[in-house]
Amino acid sequence: AVGGTVADSKAVSVAEPLLLKAVRGDDVDRPPVWLMRQAGRYMKSYQMICEKHPSFRERSENVDLVVEISLQPWKVFKPDGVILFSDILTPLSGMNIPFDIVKGKGPVIFDPLRTDADVDKVREFDPKESVPYVGEALTILRKEVNNEAAVLGFVGAPFTLASYVVEGGSSKHFSKIKRLAFSQPKVLHALLQKFTTSMAKYIQYQADNGAQAVQIFDSWATELSPVDFEEFSLPYLKQIVDTVKQTHPDLPLILYASGSGGLLERLPLTGVDVVSLDWTVDMAEGRRRLGSDVAVQGNIDPGVLFGSKEFITSRINDTVRKAGRGKHILNLGHGIVVGTPEENVAHFFENRRKISRECGMM
Ligand code: CP3
């Protein structure tokens, strides 16, 4: 078997990151690899920063800390994508929605939005004015990573952001946003439109400052039944993609919606370039259902990283074989779980060099 080492050994001299080539459908020797939530709590080096800087908002809004944390996994594992350390909620304060992320509790929105008047108070987002540290950090990351990997930005999708600001934080039953959706849909639509306009602008801003691909997280859209997804999420995602493609036609957009097995055929209708699958979908079936235009990302169960090294290798090979050659970004089906052994993460990344054409890249 011919090992997929070519891209690794030439990584320093490549003009274009492997991830961008793979998304476009170029002939690549192996799939690019990065992990959702690769910067963060499973790394000891991150926990050490948390001790010194206990506030999440400080860690995610200070240029030096953002750059340092984003580069922690890059320095150790050399992933093919380096994601900005930030949060989907970061734009909220710039939209006049005060929030915090509290240890042990998660996101907290101080004044949840429930009424027309609340939605009226939401300001449209001006990234340059409100989050200049994001642009500065992305620019530094691009220099540091120097095209050896793709620098990835991200945003929250309108429905997912709306669910946080209406519920007031994380939620189990999503009863407050559903009450709004099903009794005062106009109010929710007005809020979704504000997030849509703002997030399209935010993606453009991230791209202008160095992001080479941007992932849209619609983590909670799958709490909606398909008809409701078609009303409250899909049109807004499509509008974001349309708006961004007008100014940045070559910027790859990745859509992640966990638990989207019931919606797969609808996701490419958004116009995104890549759909990120969770692990409840078989990769081969997912590929078939998504069609051949769109690239796929994923979709290994994050829990696999608690298994033996042999087991991790076998699951990587299985996923790569099922994804077929090209248009695949190897990733987990959701973020790395706290407590994942760092040596298993290292093993996951090392394995990419062993992915051979024989094991599925043909
Ligand atoms: O992937 C990366 O390495 C980039 C960092 C990143 C964070 N949040 C940092 C973070 C990304 C991509 C996100 C996105 C995000 N934030 C999503 C979408 C992804 C998904 O998992 O579906 C969502 C839903 C959020 C909202 C949010 N922020 C939650 C639910 C939490 C967890 C709360 C908790 O205490 O467990 C956060 C906090 C957060 N964002 C942490 C990190 C590393 C953990 C808190 C910390 O490190 O102090």
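# Reading a predicted model, question by question

Author: Welcome! In the UniProt record, an unreviewed entry, the annotation "domain: Uroporphyrinogen decarboxylase (URO-D)" covers residues 32-41 and 152-168. The model itself is predicted.

Reader: What is the chain like over residues 32-41 and over residues 152-168?

Author: Residues 32-41 are 0% helix and 0% strand, with the end C-alpha atoms 23 Å apart. Residues 152-168 are 59% helix and 29% strand, and there the end C-alpha atoms are 28 Å apart.

Reader: Thanks. What makes the strands a sheet, and in which order do they stand?

Author: The open sheet has 7 strands in the order 1-4-5-6-7-8-9, and their pairing is parallel. In general, strands of a sheet pair through backbone hydrogen bonds, either parallel or antiparallel.

Reader: Why are strand 1 and strand 9 called edge strands?

Author: Strand 1 (81-83) and strand 9 (328-332) each pair on one side only, and these are the edge strands. On average, neighbouring strands of this sheet are turned by 25 degrees against each other, direction ignored.

Reader: How do you know that strand 5 pairs with strand 6?

Author: Pairing requires at least two bridges between two strands. Strand 5 (residues 213-217) and strand 6 are joined by 4 bridges, so they satisfy that cut-off, and they run parallel. Within this pair, valine 214 stands opposite leucine 253 in strand 6.

Reader: What joins strand 6 to strand 7?

Author: Here 3 bridges do the joining, and again the strands run parallel. Leucine 255 has valine 275 of strand 7 as its bridge partner.

Reader: How many bridges are there between strand 7 and strand 8?

Author: Strand 7 (residues 274-276) pairs with strand 8 in the parallel sense over 3 bridges. One partnership to look for is serine 276 with glutamine 297 in strand 8.

Reader: And how many bridges link strand 8 and strand 9?

Author: Strand 8 (residues 295-300) and strand 9 are parallel partners over 5 bridges. Asparagine 299 stands opposite asparagine 331 in strand 9. Helix 15 (residues 309-323) packs on the sheet and touches both strand 8 and strand 9; the direction of helix 15 makes about 155 degrees with that of strand 8.

Reader: What makes the peptide bond from glycine 298 to asparagine 299 stand out?

Author: That peptide bond is cis, with omega near -10 degrees. Asparagine 299 lies in strand 8.

Reader: Why is strand 8 described as largely enclosed?

Author: A residue is buried if 20 or more other C-beta atoms lie within 10 Å of its own. In strand 8, 6 of the 6 residues are buried, so the rest of the structure largely encloses the strand.

Reader: Is strand 9, at the edge of the sheet, mostly covered or uncovered, and which residues show this?

Author: Strand 9 is mostly covered, with 5 of its 5 residues buried. On one side these are His328, Leu330 and Leu332, and on the other Ile329 and Asn331. Strand 6 (residues 253-256) also has both faces covered: Leu253 and Leu255 are buried on one side, Ile254 and Tyr256 on the other.

Reader: How do you know whether valine 66 is buried or exposed?

Author: Valine 66 has 24 other C-beta atoms within 10 Å, and the cut-off for buried is 20 or more, so valine 66 is buried. Valine 66 sits in helix 5 (residues 63-77). Leaving aside residues up to four places away in sequence, valine 66 touches Ser60, Leu84, Phe85, Ser86, Tyr133 and Ala137.

Reader: Why does lysine 78 count as partly exposed?

Author: Lysine 78 has 17 C-beta neighbours inside 10 Å. Buried needs 20 or more and exposed 12 or fewer, so lysine 78 falls in between and is partly exposed. Lysine 78 belongs to the loop between helix 5 and strand 1, and has a positive phi of about 50 degrees although it is not a glycine.

Reader: What is the phi of asparagine 147, and where is that residue?

Author: Asparagine 147 has a positive phi of about 65 degrees, although it is not a glycine. Its place is in the loop between helix 8 (132-145) and strand 4 (150-156). With 17 other C-beta atoms within 10 Å, asparagine 147 is partly exposed.

Reader: Finally, which residues surround the ligand?

Author: The ligand is surrounded by 21 residues, the closest being Ala39, Gly40, Gly106, Phe217 and Ser219. By class, this shell has 11 nonpolar, 7 polar and 3 charged residues.

Key:
Residues are numbered from 1 along each chain as its sequence is written. This is a predicted model: local features need pLDDT of at least 70, side-chain atom pairs count only at pLDDT 80 or more; totals for chains, interfaces and linings use all residues. Helices (H or I, at least four residues) and strands (E, at least two) are DSSP runs, numbered from the N terminus. Axes are lines fitted to C-alpha atoms, for helices over the stretch in contact, and angles run from 0 to 180 degrees between N-to-C directions. Two residues are in contact if their C-beta atoms, placed from the backbone, lie within 7 Å. UniProt positions are given in the numbering used here, feature names are shortened, and annotations may be inferred rather than shown by experiment. A residue is near a molecule or strand if its C-beta atom, placed from the backbone, lies within 6 Å of it. Ala, Val, Leu, Ile, Met, Phe, Trp, Tyr, Cys and Pro count as nonpolar, Asp, Glu, Lys and Arg as charged, and the others, Gly among them, as polar.
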